[in-house]
Amino acid sequence: MTIPARTSPPVAAALRDGRPVVALESSVFAQGLPQPENREAARRMLAAVRVRGAEPAITAVARGAPVVGLDGDDLERFLAREGVRKISARDIAPAAAARADGATTVAGSLALAHAAGIVVLATGGIGGVHRVPHASRHAAGAVRDESADLVELARTPMLVVCAGAKTILDLPATMERLESLGVAVVGYKVDELPGFLTSGTGISLSWRFESPRDVAAAWRAQHDLGRMQAMLVVQPPPSPLPRAMVDDAVNRALDAAARAEIAGSALTPWLLARLEEETGGASLATNVALLESNAALAAEIAVELARDVEIGRARA
Ligand code: PSU
Ligand code: MN
């Protein structure tokens, strides 16, 4: 697969030299978070990656150009959130032809980052199987919304660091789909799937690792087998919210979405914004903090993987 992506000079140099690189999705900045928190999140994620000796690479489509390493004026337009579309993997080519600004979801970011040769991606929470809102549960022809993140994870060999799947989703159904699709979910110092905003979900994980080095070893083994699936590395948010509070807020947000008949790609950003209101802004602070800590862990893992490359070269 060749997508003619424009790789920024620092990202291109890092890839050429075999130095660690961490891809960051851009939909979280242009749709997932409001201003000014989106800028704060970007700043903290970029710094968390750099301070650990890795190169961050925000993926996006900027005025029609697929970009790996969004920066400068391009990044400013995305943080201004005006006229920037939310784009998934399927939208990259049409967005390019339309000369559009498009912020990539996890699915879109996987496509661009993998084409550029990047192995590690950090995000907040992946998309998954949505819950059926109460109001439409019995509606004839109601379809269950399922994020394209799942299918792209199933066919893109990358390590994805996140705090689980977003709380607004049907988490047991999302985990079942990941199992069917062959995507391993490994806990970083946890035995339980984190709930994005909460530390636990009651869903146990099959695998747990205690260090970036162990995660890197698991990735090596998967890579050596030639498997095409992503591996999800999950860790709880550093400042989790109480589960009861989040559950109540999510239920109210879902009911409101059903009443307002929000659907399609607008649903996730709409629910996240509503959740902010319902939690009095608490979800926002937790969201920004977990984005930073996921970027940090992704960088530590990328550093370990780059070390593997050096070892491989030294042996050769
Ligand atoms: N996680 C966040 N905020 C976000 C998203 C994830 O903390 O805005 C975005 C990601 O880009 C993810 C997307 O890939 O939501 C999923 O959207 P959908 O359910 O429409 O596929
Ligand atoms: Mn969807």
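**Figure 1. The largest cavity of the predicted model, with α11 and α12.** In this predicted model, α11 and α12 (282-315) each supply at least two residues of the lining of the largest cavity. The volume enclosed by the largest cavity comes to about 60 Å³, and the residues that line this space are G32, F196, L197, L272, L275, E276, S283, L284 and N287. Sorted by class, the lining of the largest cavity comprises 5 nonpolar, 3 polar and 1 charged residues. In total, 2 cavities of 30 Å³ or more are present in the structure, and the other view of a cavity follows in the next legend.

**Figure 2. The second largest cavity and its lining.** The second largest cavity holds about 50 Å³ of space, and its lining is made up of I126, G164, A165, L171, T174, M175, L178, V185, L193, L232 and V234. At least two of these lining residues come from each of α8 (171-180) and β11 (231-234), with α8 providing the largest share, namely 4 residues. Which classes of residue make up the lining of the second largest cavity? There are 9 nonpolar residues and 2 polar ones, while no charged residue takes part in the lining of this second largest cavity.

**Figure 3. The largest pocket and the elements around it.** The volume of the largest pocket is about 590 Å³, and among the 31 residues that line the largest pocket, those closest to its centre are K86, T105, S147, S265 and T268. Two or more lining residues of the largest pocket are given by each of the elements α2 (27-32), β5 (84-87), α7 (148-154) and α11 (267-278). Of the elements, α2 gives the most to the lining of this pocket, with 4 residues. Divided by class, the lining of the largest pocket contains 7 nonpolar, 15 polar and 9 charged residues.

**Figure 4. Ligand 1 in the largest pocket.** The site occupied by ligand 1 is the largest pocket, and the elements giving two or more residues to the shell around ligand 1 are α2 and α11. The largest share of this shell, 3 residues, is supplied by α2, the element that also gives the most to the lining of the largest pocket. Which residues come nearest to ligand 1? Of the 16 residues around the ligand, the nearest are E25, K86, S147, D149 and T268; K86, S147 and T268 are also listed with the residues closest to the centre of the largest pocket. The shell around ligand 1 divides by class into 4 nonpolar, 8 polar and 4 charged residues.

**Figure 5. Polar atom pairs between ligand 1 and the protein.** A polar side-chain atom of D149 is placed 2.7 Å from an oxygen atom of ligand 1, and for T268 a polar side-chain atom is found 2.8 Å from an oxygen atom of the ligand. With V106, by contrast, the protein partner is a polar backbone atom, which is 2.8 Å from an oxygen atom of ligand 1. How much of the accessible area that ligand 1 has on its own does the protein cover? Taken on its own, ligand 1 has 480 Å² of accessible area, of which the protein covers 95%.

Methods: Residues numbered from 1 in each chain as written. Chains lettered and ligands numbered in written order. Predicted model: local features only at pLDDT ≥ 70, side-chain atom pairs only at ≥ 80, totals over all residues. Heavy atoms only, no water. 1 Å grid on protein atoms, 1.4 Å probe; cavity = no way out; pocket = protein on both sides within 12 Å on 5 of 7 lines; lining within 4 Å. Points joined across faces, edges and corners; volume = space filled by probe spheres on them. Nonpolar A, V, L, I, M, F, W, Y, C, P; charged D, E, K, R; others polar. Near = heavy atom within 4 Å. Polar contact = N/O pair within 3.5 Å; in protein donor to acceptor, adjacent residues only side chain to side chain. Areas by Shrake-Rupley, 256 points an atom, 1.4 Å probe, with all protein chains shown as cover. Sits in = over half its atoms within 2 Å of the grid points.
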